[in-house]
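Student: I have a sequence and a model open on my screen. Can we go through them together?

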Amino acid sequence: SGSLFIYGKVFGNIQSNGAVQTANGSEVHGNIIAKDVAIGGKVDGDLDVEKKVTLGDTSHLSGNLKASILTIEEGAKFDGVCSMEKNSHAITSETWKYVKI
């Protein structure tokens, strides 16, 4: 129910009401569902994140990603499809018609 910091290897899905952070050199083979996620190691699975995902400079994500905010640092590797959502409503081209710049 709280936050989690992963230093080793996890084989299976992770679900947290808090933040999930993986250290450099760590591995997760499974999906992650959390409020916030910061990846420093390798993740082979999908991310379903309520708020922010950070892919660190040593990260490698192989899977699909759904989040409201995404930060990708230089050197990060991402193989998958990204879906940006805000407040559980997908941002579509219809939404952007009403944005004034």
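What follows is a set of short questions and answers on sheets, core and confidence.

Student: What average pLDDT does the protein have?
Tutor: Remember that this is a predicted model. Of the residues, 84% score at least 70. The average pLDDT over the protein is 87.

Student: Over which residues does pLDDT stay under 50?
Tutor: Where pLDDT is low, predicted coordinates should not be read in detail. For the stretch in question, the model has 6 contacts beyond four places in sequence. The stretch under 50 covers residues 88-101.

Student: In what order do the strands run in the open sheet that contains S1?
Tutor: This sheet has 5 strands, and the pairing is parallel. The twist averages 5 degrees from one strand to the next. The order is S1-S4-S7-S10-S13.

Student: Which are its edge strands?
Tutor: An edge strand pairs on one side only. Two strands fit that description, one covering 4-6 and the other 69-72. They are S1 and S13.

Student: How many bridges join S4 to S7?
Tutor: S4 covers residues 19-22, and S7 covers residues 36-39. The two run parallel. Ala-19 has Asp-36 as its bridge partner, and Gln-21 stands opposite Ala-38. The number of bridges is 4.

Student: Which residue of S4 is the bridge partner of Ile-6?
Tutor: S1 and S4 pair in the parallel sense, over 3 bridges. The partner of Ile-6 lies in S4. That residue is Thr-22.

Student: Is Thr-22 buried or exposed?
Tutor: Thr-22 is found in strand S4. Buried means under 20% relative accessible area. Thr-22 has 3% relative accessibility, so the residue counts as buried.

Student: Which backbone nitrogen lies 3.4 Å from a polar atom of the Thr-22 side chain?
Tutor: Start from what Thr-22 touches beyond four places in sequence: Ile-6, Val-28, Ala-38, Ile-39, Gly-40 and Gly-41. One of these residues supplies the backbone nitrogen at 3.4 Å. The nitrogen belongs to Gly-41.

Student: Which side chains of S4 point to the buried face?
Tutor: In a regular strand the side chains alternate between the two faces of the sheet. S4 shows this alternation. Ala-19 and Gln-21 point to one face and are not buried. The buried ones, on the other face, are Val-20 and Thr-22.

Student: Which residues touch the most other members of the largest nonpolar core?
Tutor: Nonpolar side chains tend to be buried together in soluble globular proteins. Here the largest nonpolar core has 16 residues. Strands S6, S7, S9, S10 and S12 each give two or more residues to this core. The members with the most core partners are Val-20, Ile-32, Val-37, Ile-39, Val-43, Leu-47 and Val-53.

Student: What is Val-37 in contact with?
Tutor: Leave aside neighbours within four places in sequence. The contacts of Val-37 are then Val-20, Ile-32, Leu-47, Val-49, Lys-52, Val-53 and Thr-54.

Student: Which residue of S10 stands opposite Ile-39?
Tutor: S7 and S10 run parallel and are joined by 3 bridges. On the S10 side, the residue opposite Ile-39 is Leu-55.

Student: What is the bridge partner of Thr-54 in S13?
Tutor: S10 and S13 pair over 4 bridges, in the parallel sense. The partner of Thr-54 is Thr-71.

Student: Why is one side of S2 and of S14 left without a neighbour in the sheet?
Tutor: Their sheet is open, with parallel pairing and the order S2-S5-S8-S11-S14. S2 (9-11) and S14 (77-79) stand at its edges. One side of each is left without a neighbour because each has a single partner strand.

Student: Which residue in S14 does Leu-61 stand opposite?
Tutor: S11 covers residues 60-62 and pairs with S14 in the parallel sense. There are 3 bridges between them. Opposite Leu-61 is Phe-78.

Student: Which backbone oxygen does the side chain of Ser-16 reach?
Tutor: Ser-16 lies in the loop between S3 and S4. With 8% relative accessibility, Ser-16 counts as buried. Beyond four places in sequence, its contacts are Gly-2, Ser-3, Ile-33, Ala-34 and Lys-35. At 2.5 Å, the side chain reaches the backbone oxygen of Gly-2.

How values were computed:
Residues numbered from 1 in each chain as written. Predicted model: local features only at pLDDT ≥ 70, side-chain atom pairs only at ≥ 80, totals over all residues. Heavy atoms only, no water. Pairing = 2+ DSSP bridges. Axes fitted to C-alpha atoms, helices over the stretch in contact; angles between N-to-C directions. Buried < 20%, exposed > 50% of the residue type's maximum accessible area, 1.4 Å probe, protein only. Polar contact = N/O pair within 3.5 Å; in protein donor to acceptor, adjacent residues only side chain to side chain. Contact = heavy atoms within 4.5 Å. Core = buried A, V, L, I, M, F, W, Y, C linked by side-chain atoms within 4.5 Å. pLDDT = per-residue confidence, 0-100.
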